[in-house]
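Work through the exercises below with the model open beside you. Each task is followed by a stepwise solution.

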Amino acid sequence: MAIAASTIVSAFEKSKIIPVFYHDDEATCIQVMTACYAAGIRVFEFTNRGEHARRNFAAMRDKKLVEMPDLYLGIGTIKNAEEAKAFAGAGADFIISPITDVSIADACKEADIVWVPGCMTPSEIATAEKTGARFVKLFPGSLLGPDYVTAIKPLFPDMKFMPTGGVAPTKESIQTWLNAGVVCVGMGSNLLNKDLIAKQDWDALKTQLSKVVDIVKSL
């Protein structure tokens with residue numbers, strides 16, 4: 001049964017921080033997702049960035065269904081309609097793209113799954129809006145910056161924004177982006193410490209993630 005778009009968007013808004021992660025090792029993927037969940041995060045973006053993406057996503061989905069029923073697990077780095085259909089069929093809760101492509105929008109509508117297109121320019125945001133998207137990923141956030149959000153928000157008053165990249169797991173960085181008008185921020189290695197993951201120190205990773213969750217709660 002498809003999850004309503006409003007439910008997904010609300011989950012993003014409530015979470016405020018969205019982990020963005022890929023790893024070739026299936027067990028590592030599950031452990032990182034579990035650490036995020038234990039820290040209080042309820043939205044997780046796994047990315048389609050390696051040859052084992054579909055296998056690992058399936059394993060994560062199985063784990064989530066049994067032990068994390070209130071977690072929204074989606075797939076990112078979807079660049080064509082075929083990938084969108086495949087992961088929708090694999091049980092993704094939402095689809096995120098680094099690009100704005102109408103064929104992906106059509107595939108997601110057909111599969112009745114929420115699509116979050118990636119945009120960099122006002123023209124791309126306008127195209128996304130015409131497809132019916134009401135929530136877009138600003139990418140790369142490191143190049144655009146909070147001032148960009150402040151400038152474009154008046155042009156798209158009904159659109160919600162999430163930058164990915166260029167966000168640090170600090171109160172100052174997250175607050176600056178939220179003040180600019182985004183509803184949440186996507187973070188990869190800035191949030192998910194590569195050294196701790198390499199050492200498989202899941203308790204330390206959970207502790208670090210919990211500190212960021214506490215920062216968000218304090219804002």
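**Exercise 1. The largest pocket**

The model is predicted. Find which elements each supply at least two residues of the lining of the largest pocket. Then describe the lining.

Solution.
- Step 1. The elements are β1, β9 and α10 (194–198), and each supplies at least two lining residues.
- Step 2. The largest pocket holds about 380 Å³ of space. Its lining counts 20 residues, and the closest to the centre are Val-20, Phe-21, Arg-49, Gly-188 and Ser-189.
- Step 3. Sort the lining by residue class: eight are nonpolar, nine polar and three charged.

**Exercise 2. Strand β1 and its partners**

Decide whether the residues of β1 are buried or exposed. Then list its pairings with β9 and with β2.

Solution.
- Step 1. Strand β1 spans residues 17–21, and five of its five residues are buried.
- Step 2. Take the faces separately. One side carries Ile-17, Pro-19 and Phe-21, the other Ile-18 and Val-20, and all of them are buried. Both faces of β1 are thus covered.
- Step 3. Pair β1 with strand β9 (residues 185–187): three bridges, parallel. Here Ile-18 stands opposite Gly-186.
- Step 4. Pair β1 with strand β2 (residues 43–47): two bridges, also parallel. Here Val-20 faces Glu-45.
- Step 5. Add helix α2 (residues 26–38). With β1 and β2, helix α2 makes a β-α-β unit, and the unit is right-handed.

**Exercise 3. The sheet of three strands**

Give the strand order of the open sheet of three strands. Which strands stand at its edges, and why is one side of each left without a neighbour?

Solution.
- Step 1. The order is β6-β7-β8, with parallel pairing.
- Step 2. The edge strands are β6 (118–119) and β8 (160–163). Each has a single partner strand, so one side of each lacks a neighbour in the sheet.
- Step 3. Look at β7 (residues 135–138). Four bridges join β7 to β8. In this pairing Leu-138 stands opposite Pro-163 of β8.

**Exercise 4. Salt bridges**

How many salt bridges does a search of the whole structure find? Work through three of them: Arg-42 with Asp-70, Asp-93 with Arg-61, and Lys-63 with Glu-67.

Solution.
- Step 1. The search finds six salt bridges.
- Step 2. Take Arg-42 and Asp-70: their closest N and O atoms are 3.1 Å apart. The pair links distant parts of the chain, 28 residues apart. Arg-42 sits in the loop between α2 and β2, and Asp-70 in the loop between α3 (53–67) and β3 (72–76). Arg-42 is partly exposed, at 27% relative accessible area. Asp-70 is partly exposed too, at 37%.
- Step 3. Take Asp-93 and Arg-61: the N to O distance is 3.2 Å. Asp-93 lies in the loop between α4 (81–89) and β4 (94–96), Arg-61 in helix α3, 32 residues apart. Both Asp-93 and Arg-61 are buried.
- Step 4. Take Lys-63 and Glu-67: the N to O distance is 3.0 Å. They are four residues apart in helix α3, so about one helical turn separates them. Lys-63 is partly exposed at 25%, and Glu-67 is partly exposed at 46%.
- Step 5. Check for shared partners. Arg-61, Lys-64 and Asp-93 are joined into one network by salt bridges that share partners.

**Exercise 5. Backbone outliers**

Most residues other than glycine have a negative phi, and most peptide bonds are trans. Locate the cis bond before Pro-140. Then check phi for Asp-112 and Gln-200.

Solution.
- Step 1. The peptide bond from Phe-139 to Pro-140 is cis, with omega near -5 degrees. Pro-140 lies in the loop between β7 and α7 (141–144).
- Step 2. Asp-112 has a positive phi of about 55 degrees. Its place is the loop between α5 (102–111) and β5 (114–116). The cut-off for exposed is over 50%, so Asp-112 counts as exposed at 53% relative accessibility.
- Step 3. Gln-200 has a positive phi near 55 degrees. Gln-200 is in the loop between α10 and α11 (202–218). Its relative accessible area is 51%, so Gln-200 is exposed.

Definitions and conventions:
Residues are numbered from 1 along each chain as its sequence is written. This is a predicted model: local features need pLDDT of at least 70, side-chain atom pairs count only at pLDDT 80 or more; totals for chains, interfaces and linings use all residues. Side-chain values use heavy atoms; hydrogens and water are left out. Two strands pair if DSSP finds at least two bridges between them. Buried means under 20% relative accessible area, exposed over 50%, partly exposed in between (1.4 Å probe, protein chains only). A crossover is right-handed if, with the strands pointing away from the viewer, the path from the first strand over the helix to the second runs clockwise. A salt bridge is a side-chain nitrogen of Lys or Arg within 4 Å of a carboxyl oxygen of Asp or Glu. On a 1 Å grid over the protein atoms alone, a cavity is a set of points where a 1.4 Å probe fits but cannot get out, and a pocket is an open set with protein on both sides within 12 Å along at least five of seven lines; lining residues have an atom within 4 Å of a point. Grid points are joined across faces, edges and corners, and a volume is the space filled by probe spheres set on the points. Ala, Val, Leu, Ile, Met, Phe, Trp, Tyr, Cys and Pro count as nonpolar, Asp, Glu, Lys and Arg as charged, and the others, Gly among them, as polar.
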